[in-house]
Amino acid sequence: MLLQQKSSERRKTGRFVVEGQRELGHCIAAGYEADTIYVCTQLYGNQPLPEADNVIEVSSEVYQRIAYRGTTEGIIAQVKARQTSLSDISLGENPLIVVVESVEKPGNLGAILRSADAAAATAVVVCDPLSDLYNPNLIRSSIGALFTVPTVACSTEECISFLKAHGISILTAQLQDSHPYYSTDMRRPTAIVMGTEATGLTNAWRNAADAHIHIPMQGRLDSLNVSVSTAILLFEAVRQRSTAV
């Protein structure tokens with residue numbers, strides 16, 4: 001399917017592909033509409049199918065050709081994309097937001113989304129993305145968390161303005177001029193901002209930050225994978241908030 005291979009095709013058609021029972025279940029539960037479902041009954045069995053405009057039964061041979069993974073339980077859907085913006089985020093009383101800037105690898109972003117779901121983060125904001133949010137690798141690596149956590153793409157400038165306007169403290173993860181993450185207050189409305197492992201964050205974020213934080217390294221290397229770092233910082237926020245009086 002071209003939709004699996006080309007972001008230009010996804011943009012042009014306003015469609016994307018979801019593969020697998022679990023991922024599609026999260027997608028439909030989040031209110032997305034399936035345009036076409038391809039189902040292999042030899043693999044899927046007689047389970048109820050999600051609603052879709054079209055349902056096409058395919059043989060196991062055809063399914064193996066169109067599926068990225070052969071172990072996705074026999075169901076692939078073509079889904080209608082949705083445009084979301086910062087104004088669609090429901091902040092609640094004490095938001096905890098993850099911001100990632102220019103993260104290139106879909107697998108890293110997918111892992112970040114899984115951590116955001118596990119920590120019950122309010123939202124994930126992807127600034128100046130180098131990969132579109134409906135990339136099949138991102139959906140697969142997130143195991144559907146793209147649909148369980150409100151996720152928005154926007155520019156860095158738009159995100160900074162949004163956070164400032166709503167009184168959300170900006171904590172940038174960086175090595176320079178920073179304090180250990182566990183000594184920084186995350187009990188108030190907080191945005192944890194992560195950059196790429198190669199270049200870090202742009203100066204726009206460094207200058208906008210209310211505090212710069214880092215994870216102390218005990219070994220010889222000076223950094224962790226961005227998804228691992230995000231998980232550590234998120235669960236420090238969870239810890240602080242759970243012990244707050």
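**Exercise 1. What volume does the largest pocket have, and which residues line it?**

Solution. We work throughout with a predicted model. The largest pocket has a volume of about 610 Å³. Its lining is made up of 27 residues, and those that lie nearest the centre are Arg-82, Thr-84, Leu-133, Tyr-134 and Thr-151. Next, sort the lining by residue class: 14 residues are nonpolar, seven are polar and six are charged. Finally, look for the elements behind the lining: helix H2 (7-13), helix H8 (145-148) and strand E7 (151-154) each supply at least two residues, and E7 gives the most, with three residues.

**Exercise 2. Describe the second largest pocket in the manner of Exercise 1.**

Solution. Begin again with the space, which is about 450 Å³ for the second largest pocket. This pocket is lined by 24 residues, with Ala-173, Gln-174, Leu-175, Thr-196 and Ser-223 lying nearest its centre. Two or more lining residues come from strand E11 (211-214) and likewise from helix H11 (226-243), and the largest share, three residues, belongs to H11. By class, the lining divides into eleven nonpolar, ten polar and three charged residues.

**Exercise 3. In what order do the four strands of the open sheet stand, and why is one side of E1 and of E3 left without a neighbour?**

Solution. The order is E1-E4-E2-E3, and the pairing in this open sheet is mixed. Strand E1 (15-19) and strand E3 (52-57) stand at the edges and have a single partner strand each, so one side of each has no neighbour in the sheet. From one strand to the next, the twist averages 15°. To examine one pair, take E1 and strand E4 (residues 75-80), which run antiparallel and are joined by five bridges; here Val-17 stands opposite Gln-78 in E4.

**Exercise 4. Is strand E5 largely enclosed or left open by the rest of the structure?**

Solution. First recall the cut-off: a residue is buried when its relative accessible area is under 20%. Six of the six residues of strand E5 (residues 96-101) are buried, so E5 is largely enclosed by the rest of the structure. Now take the two faces in turn: Leu-96, Val-98 and Val-100 are buried on one side, while Ile-97, Val-99 and Glu-101 are buried on the other. Then consider the partners of E5. With strand E10 (residues 190-194), E5 pairs in the parallel sense over five bridges, and Leu-96 stands opposite Thr-190. With strand E6 (residues 123-127), the pairing is also parallel over five bridges, and Ile-97 stands opposite Ala-123. As a last step, add helix H6 (residues 106-118), which together with E5 and E6 makes a right-handed β-α-β unit.

Terms used: Residues numbered from 1 in each chain as written. Predicted model: local features only at pLDDT ≥ 70, side-chain atom pairs only at ≥ 80, totals over all residues. Heavy atoms only, no water. 1 Å grid on protein atoms, 1.4 Å probe; cavity = no way out; pocket = protein on both sides within 12 Å on 5 of 7 lines; lining within 4 Å. Points joined across faces, edges and corners; volume = space filled by probe spheres on them. Nonpolar A, V, L, I, M, F, W, Y, C, P; charged D, E, K, R; others polar. Pairing = 2+ DSSP bridges. Axes fitted to C-alpha atoms, helices over the stretch in contact; angles between N-to-C directions. Buried < 20%, exposed > 50% of the residue type's maximum accessible area, 1.4 Å probe, protein only. Right-handed = clockwise from strand over helix to strand, strands pointing away.
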